[in-house]
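This report is an introduction for a reader who has not seen the structure before. Please look over the sequence and the 3D view before reading on.

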Amino acid sequence: MFTAAAESLLHQAREIQDEELQGFCSRIIKLLREDLGPAAVDALQRLFLIVWATKYPRRLDKTCVDLLQATLCLPTCPEQLQVLCAAILREMSPSDSLTLSCDRAPNTRQMSLVASVLLAQGDRRQEVRSVGQRIFTVLESRQPEGPSLRHLLPVLSKVVGLAPGTLQEDQTDLLSKRLVDWLRHASVQQGLPHSGGFFSTPRARQPGPITEVDGAVASDFFTVLSTGQHFTEDQWLNVQAFSMLRAWLLHKSPEGPSTLDTDDKSELEGSTLSVLSAASTATRLLPPRERLREAAFEYCQRLIEQSNRRALRKGDADLQKACLVEAILILDVLCRQDPSFLYRTLSCLKALHTRLGTDPGSERAVLPLAQFFLNHGEAAAVGSEAIYQHLLTRLPSEHFHNPMLAFEVIRFCRDNLPLFDLHLLGILKSSFPNLFKFLAWNSPPLTSEFVGLLPALVDAGTAVEMLHTLLDLPCLTAALHLQLRSSSSPSERLLWDASLRTPSCLEAFRDPQCQGLFQHLLRTKASGSAERLTLLHQLLQPMASCARVAQCAEAVPALLQAFFSAVIQFAGRALTTQLALLLLERSDSLYQVPQYEARVQRVLSSQFLALCQRNPSLVVELARELLDFVGSVSNIHSRAGVFTSVVWAIGEYLSVTCDRRCTVEQINKFFEALEALLFEVTQSRPSADQPRCPPQVVTVLMTTLTKLASRSQDLIPRVSLFLSKMRTLAQGPASSSTHSEEDAEAIRIRATELLNLLKMPSVAQFVFTPSAEVCHPRYHRDTNMSLPLALRMVSRLVEKESSLLPG
């Protein structure tokens, strides 16, 4: 976020009108013509802020734009002014008023600035091609004492990325040769300082040898991990060549070896002779692209060796980790392009994984290592289970609080699902409680990633446990907070929310009697469902106000939707029944985070109906459990949405057409239970202990009773009498204390509609329990046999009894 002063400057820049801007441009024109000093620098900084801060392109005077271009290409112009001119012109791109060309730049530094402006144009006039051709012209003509390419290599890398097809074969060969020289033949002596002091002596200014990160004198060729006080030109080119190496290796050959490679080694591929031959062939006799691969392979091998040294400075240690990741990625590219590198790489990377297991801080290198063995493990007949166990077990448990690592692990799992075999998929599925630690701690940025990954994690064996885990995900966030608080690492304790005062939670977390609950919550492998959830929720209740817990709770509904969308694709009758029972059980056993219970119950109610629609026999099979559920008035007030869905499902699917096991006795049992419940909630007055019943519950109860009566016609007189009382009750003054005027009117209208249908029992059965063919779309589109026609017929038949009509 910006500071107040920065916000004020941005606001002023955005509010400048075109007239003021033109006046300011006139001042800049005068400064650029007369004085290229501090005043010009200050004016250009202000102009850059103005054109950068506004979303729409600012119009500058043509004279001002021309002067900016001229100043950029002026040989004697200070570097700071040139950088500002290039930045302003880039912000204005694309523009039709630019006349820049790399040919006008007097040196490579200014050429790189001009090229950055041209590349920002979007290649409307083939700017990318012209920039690339100009850089290659310099590259071809450069002599040892010629212009420096340090400023042009980043631009060339950008050109390759934007338009790889613009380079010719001789140009790619030329750059490959130069990259080989820069990677393998950089000086191993430090460079001279730029300028000596008054007391400096020629002896003091003698360049010393390049050193390793641990201070030892370098015994091999220079790499990006070599250290020194001053670097020479070829050493800087070595660093830049490594930075663009992987992108260049993938240029024109992203997946396999080039045609030259295939022709040269077609007879020896895959044999022991090819391995030995590739290792011993003189590098200079190979084609340029293969020479570059050999140089890249040696460079990466040296980086892996250098990463094993103990760095004296933290900055060098961080650089070691970054270079190690890049080296593994480059080796992966080399092995994909030329399989002969694979056998020379495996032993090195196996030893590297052993070292990474004991090296704290090298977690991110595990991901490219796992990717390498996933790509090549089968070809090399290498068992890499230990690497995947490290990735899916240790990383989530120990580094769940690292957001970048969390994203990379989850993205690795998502992107590589097609490559996972059955064994690896089994490891992935059994590790879902561990992966959910990433989600619990980083729920906002990782929610969409997990929505895509969930279908691969869930199966019939893990569905029930995963549903429990999703419902208790905010509890997992709270437990991870406590784990960090109890950690002995000061750096991890900094992640704890210091505003929370929860000594009781910490005591419970350390209490041996409660450790079983927390250990199950923090488990790394799937191990079944937990009991004593009520106790766990009570212990963690002080943590419910934590901001991270609240964020996690907001993500759970979307994750539940993704879970059920995946489960519904493969769930059989037994799993569907188990999940339906679990929904009823857990809908009233949730962690008490503000608004969490209502949001989750909304999802559970809709998913209960989806399960019943998939398996209509659920209502008959769970008849005893559903009778217990609807027999309690407290369920109406604690989970009204789920209760409404259950009552609706009873009315919809308790029928012999859905399950032949349905009997009249079952229908009568449900009718009596629901009738007694409706009588209780409508006759009793609201109180503190028993609040008013939602009108949606009342209307659904009336509808369900009418549906059941249409299937057991002996019940029709009882329902008709009850509906008449409900209509009268809704019209009376007593209803004003229970329901609002709109709610009472809705109840009265529904009671009247149901009464009208019961006047014709056969029509009521036709409407409430339609046959399979009635549900076909054709039945509703055909005006001669549609359901609306039947309803209109009933309306006309009961029009004579005006007392039963609304109004």
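The sections below go from the whole chain to selected helices, aromatic rings and loops.

## The chain as a whole

This is a predicted model. The chain contains 42 helices and zero strands. Of its 807 residues, 50% are buried.

Among contacts in the chain with a separation of 6 or more, 75% are between residues 24 or more positions apart. The exposed area of the chain is about 38,400 Å², and 54% of that area is supplied by carbon and sulfur atoms.

## Helix α7

Helix α7 covers residues 127–141, which is 15 residues. A span of 21 Å should follow from 1.5 Å a residue, and the end C-alpha atoms are 21 Å apart, which agrees. Its buried residues are E127, V128, V131, G132, I135, F136, V138 and L139. Because these buried residues cover an arc of only 160 degrees around the axis, they lie on the same side of α7.

What do the buried residues of α7 pack against? Their partners are α6 (108–119), α8 (153–162) and α9 (169–184).

## Helices α16 and α30

Helix α16 runs through residues 342–356 and has 15 residues. At 1.5 Å a residue it should span 21 Å; the end C-alpha atoms of α16 are 20 Å apart, in agreement with that value. The buried residues in α16 are L342, R344, T345, L346, C348, L349, L352, H353, R355 and L356.

Helix α30 has 14 residues. From the first C-alpha to the last, α30 reaches 20 Å, close to the 20 Å expected at 1.5 Å a residue. L575, T576, T577, L579, A580, L582, L583, L584 and R586 are the buried residues of α30.

## Aromatic pairs

The count of aromatic pairs is 13. One of them joins F242 and Y299; this pair is stacked, with 5.3 Å from centre to centre and 25 degrees between the planes. F242 belongs to helix α10 (residues 233–243) and Y299 to helix α14 (residues 288–306), so the pair ties together parts that are 57 residues apart in sequence. F242 and Y299 are both buried.

Is the pair of F400 and W441 stacked or edge-to-face? The ring centres of F400 and W441 are 5.5 Å apart and the planes stand at 75 degrees, so the pair is edge-to-face. F400 is in the loop between α18 (385–399) and α19 (403–415), while W441 is in helix α21 (residues 432–441). The pair therefore links distant parts of the chain, 41 residues apart. F400 counts as buried because its relative accessibility, 2%, is under 20%. W441 is buried too, with a relative accessible area of 2%.

## A cluster and two charges over rings

F242 and Y299 also belong to one aromatic cluster with F221. R302 lies over the face of F221, 5.6 Å from the ring centre.

A second charge over a ring is found at W648. Here the charged end of K707 sits over the ring, 3.7 Å from its centre.

## Residues in loops

Where is P94? P94 lies in the loop between α5 (79–92) and α6. The peptide bond that joins S93 and P94 is cis, with omega at about -5 degrees.

Q595 is in the loop between α30 (573–586) and α31 (596–614). Phi of Q595 is near 70 degrees, a positive value in a residue other than glycine. Is Q595 buried or exposed? With a relative accessible area of 54%, Q595 is exposed, because the cut-off for exposed is over 50%.

Q190 is placed in the loop between α9 and α10. Its relative accessibility is 13%, so Q190 counts as buried. Which residues does Q190 touch, not counting those up to four places away in sequence? They are P207, G208, P209, I210, G228, Q229, H230 and T232. One of these, H230, is 40 residues from Q190 along the chain, and the C-alpha atoms of Q190 and H230 are separated by 5.6 Å.

Note on methods. Residues numbered from 1 in each chain as written. Predicted model: local features only at pLDDT ≥ 70, side-chain atom pairs only at ≥ 80, totals over all residues. Heavy atoms only, no water. Helix = DSSP H or I, 4+ residues; strand = E, 2+ residues; numbered from the N terminus. Buried < 20%, exposed > 50% of the residue type's maximum accessible area, 1.4 Å probe, protein only. Contact = heavy atoms within 4.5 Å. Areas by Shrake-Rupley, 256 points an atom, 1.4 Å probe, with all protein chains shown as cover. Expected span 1.5 Å × (residues − 1). Arc of directions from axis to C-beta. Phe/Tyr/Trp six-rings, centres within 6.5 Å; stacked < 30°, edge-to-face > 60°. Lys NZ or Arg CZ within 6 Å of the ring centre and 35° of its normal.
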